[in-house]
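Ready for a bit of practice? Have a look through the model below, then work through the exercises and check yourself against the solutions.

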Amino acid sequence: MAVPPEPSTPVFVGRERELGTIRGLLDRAAAEEAQTLVVSGDAGVGKTALVTRACSNGSGALTIFGTCLPLTTMSIPLLPIRSAVRNLDINRFDDLSPVGIGDLDGDDRDVTVRFDEWLARRCQVQPVVLVVDDVQWADRSTLDALMYVIAGPARRRLAVIATLRAGEVGLGHPLQRWLADIRRLPRMFELGLEPFDRAGTAAQIEALIGAVPHQSLIDDVHGRGRGNPYFSRLMVSGLTSDARVAPDTFPADLSSAVLQSWFRLSQETRRLATVLAVGGAAMRAGELAEVVEDADVGGIRSALAEAVDSGTLDRLEDGSFWFHHPMSAEVLAAALADDERREWHRRFADLLEGRLASPAPAETVIAVADHRSRAGETSAAFEWTLRAATAAGDATGRAEELRLLRRAVGLREDLPDATPSLDDLLRRLREAAADAGATSDELDAVEALLARMDDRTDPLAAAELRVRRMHLRFMSGLSFIEVDEMREALRLGSADTASPVYALALAELAHAELWSGDRRHARAHAREAIDVARATGDSQALSIALSAGSMAANFEEDIAVASALGHEALAPALEARAWWAYVHAAMWEANAVETWASETYALRMRDRRLELEARGGPHAYVAWLSAAEALARLTSGAWREADERLRVALGSDPGPLGDVEARLAAARLAVLQGRQREAEGHLLRVEELVVDGSAFLAIEYDAVCAEVRLGAGDAVGAYEAALRGVIDRGGPPTMAEWLLPFAARALADRAQAARDGGESDDEVLAALDSLVERCPHVIQDVGSWTELMRWQVAALDAMYAAERARARADVAAAGLWTEAVGACYQARLPWEEAYSSWRATEALLGRGHDRQAGADMLRRGLALAQRLGARPVEDELTDLARRARIPLAEPSSAASAGPAALHGLTARERDVLELVAVGRTYGEIARELVISEKTVSTHVSHLLAKTGTANRVELARLVHRLSADG
C-alpha cells in the first residue's frame with residue numbers, strides 16, 4: 001500500500017459525521033460501484049487528515065496518494081499520478097514495470113490510458129482508492145486524466161477522492177470548468193469541511209497538550225484561529241497544561257501557514273493587504289485610497305480583486321474587503337517594523353477622526369482610540385480611550401469597556417496631570433468589573449486601591465475594600481474566608497457603627513467565624529449586622545447580613561429561620577446588582593430547605609440560576625449556580641441533566657470559582673462512569689486554580705479527590721485525601737459524609753490486596769482501628785436535617801460499617817452490604833447503591849451464602865449501573881456473573897406471573913412491583929406511571945405489608961425468587 005502523506009495534525013478528533021460519509025462511500029465502491037468525492041475546505045481545515053483517517057480503516061483496499069504542487073515556473077504533466085505510482089511498492093505489483101506503467105513514459109494520452117487500464121486490473125484484485133491532494137494546483141493534463149478515470153466503467157471497485165482548497169478557486173480558475181463537468185457525472189459527491197466549532201477546538205487542544213485546557217485558552221485559540229485545526233495546533237505548540245492564552249508572538253511556521261496565499265500576490269497587492277491588516281476592519285477600495293498616499297482607486301480595485309482570487313481576501317456583501325482568515329491580519333500587522341506600523345495607525349486614526357459624526361458610533365470611537373494607542377500617542381490615546389470606554393459601556397457591553405478601562409489605567413500612570421485621577425479610574429474599573437463578574441480585573445483594582453489608601457484617612461472605604469477583597473480572593477481560589485481579615489475590617493468599620501460598611505463587616509466576620517467553628521460569636525454578630533443594615537437601608541449590606549443570619553441559623557439547625565432569612569436576602573441583592581450576595585443567599589436558602597444532594601436542591605439552584613440570567617447576571621455567577629445544580633443532579637442520579645449543566649457552566653470562561661465547582665462535579669461524573677483520564681484532568685485543573693483545596697470548606701475537593709484516587713486504584717492516595725478532609729478546620733467540608741466511607745474503602749482495598757498477595761494485613765487493620773476509634777460514624781455536614789438528609793447519613797454510615805467488615809474479611813459483610821443497598825435506595829443515592837450492590841453480590845457469592853440472593857442482587861445492581869452509565873461497577877458485576885456462571889438475562893417478573901404468594905395485589909400495586917423489581921427509584925416509578933412520589937411510597941408500604949418483606953431490597957428479591965421458582 002502506498003504511504004499517505006502525514007496528516008495536517010498529529011492527533012485526530014471529532015469529524016464523526018464526515019468520517020461516516022466517506023467510509024460509506026468507500027463501502028459502496030468496494031461493492032463494485034465506482035464513486036467520486038471532492039472534499040473541499042480552507043487550507044489547514046483537516047481535509048488530508050480526514051481522508052487519511054477514513055482510508056485507514058483496515059478494509060483491505062489499496063490506497064494510492066498523489067499530491068499536486070503549487071509550481072510557478074514549470075509544469076510537470078500528470079504530477080500527482082506519477083508521484084502516486086512511484087510511491088507504490090514495485091515488489092508487490094508485477095504490472096508496475098517498464099512494460100506496464102512503472103516508468104510512465106509516453107505522451108499524456110498514452111499514460112492516462114495505461115494508468116486507467118492498470119486501475120481496472122487492480123480493481124479486479126482488490127478495491128482501490130485514488131486520492132489526489134490539493135487538486136486546485138493540478139495542471140490541465142492531470143485534470144483530463146482524472147476526468148477520464150472518473151468517467152470510466154461504473155462496475156469497478158474504485159473510489160476517486162480529491163481534496164480542494166475552496167478559498168483559492170475563484171470564478172476564473174481553470175478548475176471551475178472541471179468541477180462543473182464532473183458534477184454532471186453519476187456517483188459524484190461533494191463534502192464541504194467546515195472549521196471546528198468551539199467544542200471541537202477544545203477536544204483538539206486537550207489531545208495536543210495532554211490535559212483539560214483552560215476555558216480562556218480555548219476561547220483565545222478558537223477566536224483567533226476560527227476553528228482551523230492546523231492553525232490551532234501551531235498556536236498551542238509547546239504550551240503547558242496551565243496556559244490561559246496562546247502566545248502573543250507568532251512562530252515562523254504559523255506565520256508561513258497563515259500567509260501561504262499572501263506570498264503568491266504581487267508586491268503592490270501584498271502592500272495593500274498589509275495596510276488593510278493594520279486598519280483592523282473591512283474597508284472599501286475608496287477608503288483604502290484615502291489612507292495610502294498617491295493611490296489610484298482603480299489600481300486598488302484591481303489589487304483587491306487579485307487578493308480575492310488568491311483566497312487571501314473575501315469581498316463582503318457591502319462591497320468592502322476583509323481577510324478570508326482573520327488571523328492573516330494579525331500576522332501581517334505584527335510583521336511590520338514598529339515605526340512603520342505606528343505611522344499607519346496614525347493615518348487610520350486621522351481618517352476615522354475626520355469622519356466622526358454626531359452622535360459618533362461607538363465602534364468608530366473605539367477604533368480611533370485603538371489606533372491612537374497603537375500609534376504611541378499617549379495623551380490622545382488616553383482621552384480617546386476614556387471616551388471609547390463610555391461609548392462601549394452604553395453600546396457594546398462590559399467586556400469591551402473593561403478592556404478600554406484597563407488601558408486607561410495603564411496610560412494614566414504616564415500622565416501625572418491628567419484627569420480623572422488614577423483612584424477615580426480604578427474605582428470605575430472596579431465597578432465595571434463587578435457588574436461583569438470579571439473577578440481578576442476587580443481584584444486587581446481592589447488591590448491597587450488598597451495599596452494607595454491610608455486606612456486612617458478613610459477607614460470605612462478601607463473596611464469595605466477588605467471585605468470585597470476577601471470575596472474576590474475566595475472566588476479566585478487564592479484563600480478561604482479569613483477571620484483575622486474580617487476582624488480588621490470590623491475594626492476599621494467601627495469608625496461609624498451606623499454605617500452600611502459596619503453592617504457589612506459584621507456580617508462577613510460572622511461568615512468567617514462560622515466556618516472557623518466560632519458559632520456563638522457568629523450568631524450574635526449576624527443579628528447585629530441585620531439590625532444595622534435594616535436601619536441604613538443599604539440593599540447590599542442588608543442582603544449579606546441576612547445571608548449571614550441564614551448561615552448561622554443553618555449551623556444551629558434552626559431551619560425555619562434559616563429559610564426565611566435566606567429567602568429575604570435575595571431581593572435586595574438583585575436590587576443592588578450584588579451578584580456575590582445573590583448567589584450566597586440562594587445557596588443558604590436552599591441549604592435550609594433540603595440537603596444539597598437532592599433533586600429538590602437542584603431545582604432551587606435552577607430557579608435561582610434562571611432568575612439571575614433574567615436579571616442580566618454575569619456568567620461567572622451563573623456558572624457557580626449551574627455547577628451547584630449539576631452536583632446535586634449528579635448525586636441524585638440525574639447524570640444527563642448534570643452533564644448538560646456542566647457544559648453550560650464551562651461553555652465560556654466561568655471564572656475561577658465556577659470553574660473549580662464545575663470541574664469537581666465533572667471529575668466526579670467522569671470517575672463514576674469510568675473515564676479516569678478525564679476525571680484526573682478536571683482534578684488537575686482544580687489544583688491549578690485553588691491554592692489549597694482542603695482549606696476551601698465550601699467545596700467538595702477532598703471527597704472528590706479521594707474518589708478519583710480510588711478510581712485510579714491508588715488506595716494510599718485515596719486514604720490520604722479522605723483524611724485531609726477529616727481534619728477539624730471548624731466547619732465540615734462539603735461531602736463530609738462521604739469521607740469516612742472512602743477512607744474505609746481505601747483501607748479495605750489495601751487489606752484485600754495484601755491477603756490476595758499472601759501478605760499480612762495487620763498494618764492496614766491497625767490503621768482501620770485507629771480510624772474507627774477516632775471517627776466511629778460518618779462526619780455530618782451542616783444544613784437542613786430533613787428526613788432525606790437523615791437517610792443519607794444513615795446510608796453512608798451503613799457503607800462505612802460494610803467497608804470495615806470487608807477490610808476485616810468479616811462474614812457479616814454480606815448482610816451489611818445488603819443493608820447498605822437498601823439504605824442507599826431509601827436515601828436516593830443511586831451511585832452508592834450501585835457500588836454497594838457490587839460489594840453485596842461479591843460477598844454473597846464469595847462465601848457460599850445465598851447464590852440466588854447473590855444472583856438477584858447482581859442483576860439488580862447491573863440494571864442500575866447500566867442506567868447510570870457506571871461502567872466500573874457494570875464491568876465488575878459482569879465479571880462476577882461470568883465467573884459465577886450466572887445468566888444476566890433478567891427473570892420474568894413474578895408480579896406479572898401472579899404466583900399464589902402474590903395474590904391480592906391491585907393492578908396499580910402490580911405496576912409498582914414490576915418497577916421495584918428492576919431497581920427503579922421512587923422518582924422514576926412516579927414519572928413512568930404518572931403519579932406522585934408520595935403515592936409510590938404508599939403503594940410500596942402496602943406491598944411490604946402484603947408480602948411480609950421488610951424493605952424494597954427484600955421485596956425485589958422475593959419477586960426474583962418467585963420468578964425462578966415458577
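What follows is a short set of exercises, each with a worked solution.

This is a predicted model, so a few ground rules apply: local features need pLDDT of at least 70, side-chain atom pairs count only at pLDDT 80 or more, and totals for chains, interfaces and linings use all residues. Residues are numbered from 1 along each chain as its sequence is written, and side-chain values use heavy atoms, leaving out hydrogens and water.

**Exercise 1. The whole chain**

Work out what the protein chain contains in secondary structure and what share of its residues is buried.

Solution. Start with the DSSP runs, numbered from the N terminus: helices are H or I with at least four residues, strands are E with at least two. The chain comes to 48 helices and 7 strands. Next, take burial (buried is under 20% relative accessible area, exposed over 50%, partly exposed in between, with a 1.4 Å probe and protein chains only). Of the 966 residues, 56% are buried. To finish, the C-alpha trace spans about 95 × 85 × 55 Å along its principal axes.

**Exercise 2. Two helices that pack**

Find how α12 and α15 are arranged and which residues make the contact.

Solution. First, the general recipe: two packed helices are described by the angle between their axes and the distance between the axes. Axes here are lines fitted to C-alpha atoms, for helices over the stretch in contact, and angles run from 0 to 180 degrees between N-to-C directions. For α12 (residues 267–279) and α15 (residues 327–335), the angle is about 100 degrees and the axes are 8 Å apart. So α12 is roughly perpendicular to α15 (under 35 degrees is roughly parallel, over 145 roughly antiparallel, 65 to 115 roughly perpendicular, the rest oblique). Now for the contact, meaning heavy atoms within 4.5 Å: α12 brings Ala 273, Thr 274, Ala 277 and Val 278, and α15 brings Ala 329, Leu 332 and Ala 333.

**Exercise 3. Salt bridges**

Take the pairs Arg 403 with Asp 370 and Arg 609 with Glu 629, and say where each partner sits.

Solution. The rule is a side-chain nitrogen of Lys or Arg within 4 Å of a carboxyl oxygen of Asp or Glu, and the count by this rule is 71.

- Arg 403 and Asp 370 have their closest N and O atoms 3.2 Å apart. This pair links distant parts of the chain, with Arg 403 in α19 (residues 398–412) and Asp 370 in α17 (residues 362–374), 33 residues apart. Arg 403 is partly exposed at 25% relative accessible area, while Asp 370 is buried at 10%.
- Arg 609 and Glu 629 meet at 2.9 Å, N to O. Arg 609 lies in α30 (residues 599–614) and Glu 629 in α31 (residues 619–635), so the pair ties together parts 20 residues apart in sequence. Both Arg 609 and Glu 629 are buried.

For a bigger picture, Glu 343, Arg 346, Arg 347, Asp 350, Glu 353, Arg 372 and Glu 377 are linked in a salt-bridge network.

**Exercise 4. A loop residue**

Place Met 453 and list what Met 453 touches.

Solution. Met 453 sits in the loop between α21 (439–452) and α22 (459–475). With a relative accessible area of 22%, Met 453 is partly exposed. Leaving aside residues up to four places away in sequence, Met 453 touches Asp 458, Ala 461, Ala 462 and Leu 465.
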